[in-house]
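Biologist: I would like a close look at one part of this model. Please start there, then connect it to the rest.

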Amino acid sequence: MIDSQIKSKLKMFASFSLLLGAASLSSCSGGANQESETRKMNSADIKVVSEMKAELTSPPFVPKSTANREATKLIVDMEILEQTGEMADGVEYVYWTFGGTVPGSFIRTKVGDEVEFTLKNHPDNKLPHNIDLHAVNGPGGGAASSFVAPGHEITFSFKTLNPGLYVYHCATAPVGMHIANGMYGLILVEPEGGLPPVDKEYYIMQGDFYTKGNFGDQGVQPFDMQKAIDEDADYVVFNGKVGALTGDNALTAKVGETVRLFVGNGGPNLVSSFHVIGEIFDRVHVEGGDLVNTNVQTTLIPAGGAAIVEFKVDVPGELVIVDHSIFRAFNKGALGMLSVSGDENKKIFAGTIQEGIYLPEGGTIQSMPVEAKVDQPIVELSKSEKMANGKKLYGSTCFACHQANGEGIANAFPPLAKADYLNADVSRAIEIVLRGKTGEITVNSKKYNSVMTAQNLTDKEVAAVMTYVYNSWGNNGTEVTEEMVKKVRNK
Ligand SMILES: [Cu+2]
């Protein structure tokens, strides 16, 4: 009894001194601190009475406004998918995604919401993942509470205290690689009453990509760790691929409409000089926060940051959305279009619109070819056939972790090139590919303690990929037969 009285007195004292702290800060900075501090405390006190399932949308679309709805318990259900998609015409890339798209599904919440977030890691995925939402007040933005292995799901919960537009991303090691592969998206926390209504709202997110080949080199392109470290991007794109917002995919609006763009930058490395050729932003929520700037030509969006830009379209034509670090736009893909239809207004623009627009051809939506895993009749392939098939298989699965030339990644993925562990025991290596591996191992005198998930491959495929691995990068030249794989599988 007395104990609890003391406790509550202590609590009062603590919050009182907090207030004092805020007040003394604000006396030299004009009250803004106190205002947001007070508001945050109020947000924490908002009661939620109802419960609803969040509408999640794929880019470039956003869920409908929260308008005047009350704060609610908002159920968010998000699935992580690792899948092959198209980076550009004839260029494929293995994307890791929140909800099957890059950027991931848009989440629209309101201040005071209690978000119950379930993250599902699809059983076909190869890696554990998690999520760090910048909208969360709490350790890691939820990262530690959301770490989830393939074939599992996990639920955590948080309350939205600060209105604004926030980035979310995966924060599983190697963090840079998870982000570079597309694991980011936006979560909007609307203020009381919602954002003012506009005619059109869209979701755009920039990202930089690092591939073994150069821009446009054909085929499946593996991630290149060294280029990522050097910040030497091959692709800088909006919405995950070259051409996601051009041609048939262009955004649209009509003359006289107001447009709001929710713009994020997933990075992992580059800062965006976001610009729309032929428009002036009437209003920009700088860095996605409360500060509103007006009449802006180009707004800076940091990696891991966002902005809300709003403008009215006055005349018809093609508005070109770019990163004004302009070689990125015309040579690396950071180019989209907003196609405005309607009547001319010669008072506002009298000239003829004539632009040399770089129009990368290319597909529409990221496709995910699902490979059929049909067991073939046992006809042992020749060594050169195995090498050819094995190389393809390696390039579509193993490389994502062990890297293109088997070099691995320090502290995360062991090397397969000149690997003593591999060369010492072929049955053990086959078993690892068939059944997966956890626990500490030592490869070339470096320790690894991570998770390799079982690879869902046929005997023929394992024989091919292991023959390829054993006959590449200075390994011992073992030819792996289907019979050997079968023996390990039936062990
Ligand atoms: Cu991840």
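Where is Pro-268 found?

Modeller: Pro-268 is in the loop between β15 (258-267) and β16 (272-277). Helices here are DSSP runs of H or I with at least four residues, strands are runs of E with at least two, and both are numbered from the N terminus. The peptide bond that leads into Pro-268 from Gly-267 is cis, with omega near 15°.

Some ground rules. This is a predicted model, in which local features need pLDDT of at least 70 and side-chain atom pairs 80 or more, while totals for chains, interfaces and linings use all residues. Residues are numbered from 1 along each chain as its sequence is written, and side-chain values use heavy atoms, with hydrogens and water left out.

Another cis peptide bond joins Val-102 and Pro-103, with omega about -5°. Pro-103 sits in the loop between β4 and β5.

Follow β5 next. Strand β5 (residues 106-110) runs parallel to β10 and is joined to β10 by four bridges. Two strands count as paired if DSSP finds at least two bridges between them. Ile-107 faces Ile-187 of β10. Both strands belong to an open, mixed sheet of five strands, ordered β2-β5-β10-β9-β7. Its edges are β2 (56-57) and β7, each pairing on one side only.

Now the metal. His-129 (ND1), Cys-170 (SG), His-178 (ND1) and Met-183 (SD) coordinate the copper ion at 2.0 to 2.5 Å. Donors are N, O and S atoms within 2.8 Å of the metal (3.2 Å for Na, K and Ca); water is not among the atoms, so sites may look incomplete. The angles between the four donor atoms run from 89 to 135°, so the arrangement is tetrahedral. That label requires all angles of four donors to lie between 85 and 135 degrees. His-129 is in the loop between β6 (114-121) and β7 (132-133), and Met-183 is in the loop between α3 (175-180) and β10 (184-190), so this pair ties together parts 54 residues apart in sequence. The donor spacing in sequence reads H-x40-C-x7-H-x4-M.

His-129 and Met-183 are both buried, that is, under 20% relative accessible area (exposed is over 50%, partly exposed in between; 1.4 Å probe, protein chains only). Cys-170 has a relative accessible area of 0%, so this donor is buried too. Cys-398 is also buried, at 17%. The structure contains zero disulfides, a disulfide being a pair of cysteine sulfur atoms within 2.5 Å.

On to the rings. The whole structure has 15 aromatic pairs. Rings of Phe, Tyr and Trp (its six-membered ring) pair when their centres lie within 6.5 Å; planes under 30 degrees apart are stacked, over 60 edge-to-face, and the rest tilted. Tyr-95 and Phe-209 have ring centres 5.8 Å apart and planes at 80°, so the pair is edge-to-face. Tyr-95 is in β4 (residues 91-98) and Phe-209 in β11 (residues 200-209), so the contact ties together parts 114 residues apart in sequence. Tyr-95 is buried at 0%. Phe-209 is likewise buried, at 0%. Elsewhere, ring pairs join Phe-238, Phe-274, Phe-281 and Phe-311 into a cluster.

Finally, a backbone detail. Asn-239 has a positive phi, near 55°, and is not a glycine. Asn-239 lies in the loop between β13 (235-238) and β14 (251-254). With 6% relative accessibility, Asn-239 is buried.

Notes:
Tetrahedral: all angles 85-135°; square planar, octahedral: opposite > 155°, others 65-115°.
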